[in-house]
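Reader: I would like a close look at a single part of this model, namely its nonpolar core and the packing of the elements that surround it. Please set out the terms and their cut-offs as you go.

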Amino acid sequence: MSEKNIKDLLVQLQEELEKADAVDSETLKLVRELDDDIHRLVDPESDLNDYDSVIDRANAMETRFAVDYPTAERFLREIINALSRVGI
């Protein structure tokens with residue numbers, strides 16, 4: 001899976017959360033921060049190299065989403081898997 005696919009999945013995740021009822025501001029903030037971090041991870045010009053921290057945060061969010069936002073959780077899981085396959 002390419003970096004473009006990961007970015008597309010991030011867009012789909014955000015769109016899914018926008019459709020969900022009553023998404024709290026903290027969740028939206030966490031998703032925006034994760035989006036920023038992942039964009040920096042896949043940017044070859046970036047000096048962000050804290051891959052493990054980003055993946056740990058994404059895994060924690062996935063667990064939370066499994067209960068509250070199951071469709072969004074699927075996109076997050078795909079993002080995590082894609083990052084692993086890209087070898088970042």
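Author: What follows takes the core, then the packing around it, and then two individual positions.

The model is predicted, so that local features need pLDDT of at least 70 and side-chain atom pairs count only at pLDDT 80 or more, while totals for chains, interfaces and linings use all residues. Residues are numbered from 1 along each chain as its sequence is written, and side-chain values use heavy atoms, with hydrogens and water left out.

The largest nonpolar core has 26 residues, and Leu13 and Phe65 are those with the most contacts inside it. Such a core is a set of buried Ala, Val, Leu, Ile, Met, Phe, Trp, Tyr and Cys residues joined through side-chain atoms within 4.5 Å; buried means under 20% relative accessible area, exposed over 50% and partly exposed in between, with a 1.4 Å probe and protein chains only. At least two residues of this core come from each of helix H1 (3–19), helix H2 (25–42), helix H3 (51–68) and helix H4 (70–86), and H4 gives the most, with seven residues. Helices (H or I, at least four residues) and strands (E, at least two) are DSSP runs, numbered from the N terminus. In soluble globular proteins, nonpolar side chains tend to be buried together.

Leaving aside neighbours within four places in sequence, Leu13 is in contact (heavy atoms within 4.5 Å) with Val31, Phe65, Ala72, Phe75, Leu76 and Ile79.

Leu13 also belongs to the contact of H1 with H4, in which Glu3, Ile6, Leu9, Leu10, Gln12, Leu13, Glu16 and Leu17 of H1 meet residues of H4 that include Phe75, Leu76, Ile79 and Leu83. By class this contact has twelve nonpolar, two polar and three charged residues, where Ala, Val, Leu, Ile, Met, Phe, Trp, Tyr, Cys and Pro count as nonpolar, Asp, Glu, Lys and Arg as charged, and the others, Gly among them, as polar. The axes of H1 and H4 come within 9 Å and cross at roughly 165°; axes are lines fitted to C-alpha atoms, for helices over the stretch in contact, and angles run from 0 to 180 degrees between N-to-C directions. H1 is therefore roughly antiparallel to H4, given that angles under 35 degrees count as roughly parallel, over 145 as roughly antiparallel, 65 to 115 as roughly perpendicular and the rest as oblique.

On the H2 side, the axes of H1 and H2 come within 11 Å and cross at roughly 175°, so these two helices are also roughly antiparallel. Leu13 is among the H1 residues of this contact, and Val31 among those of H2; the contact divides into eight nonpolar, two polar and three charged residues.

Phe65 leads to H3, which packs against H4 at an angle of about 155°, with the axes 8 Å apart, and H3 and H4 are therefore roughly antiparallel to each other. The contact between them includes Ile55 and Phe65 of H3, and Leu76 and Ser84 of H4, and its residues divide into twelve nonpolar, two polar and four charged.

Two positions show the contrast in accessibility. Ile55 lies in helix H3 and counts as buried at 10% relative accessibility; Ile55 and Ser84 are 29 residues apart in sequence and 9.1 Å apart in space, C-alpha to C-alpha. Pro44, in the loop between H2 and H3, is exposed, with a relative accessible area of 74%, and Pro44 and Val31 are 13 residues apart in sequence and 22 Å apart in space, C-alpha to C-alpha.
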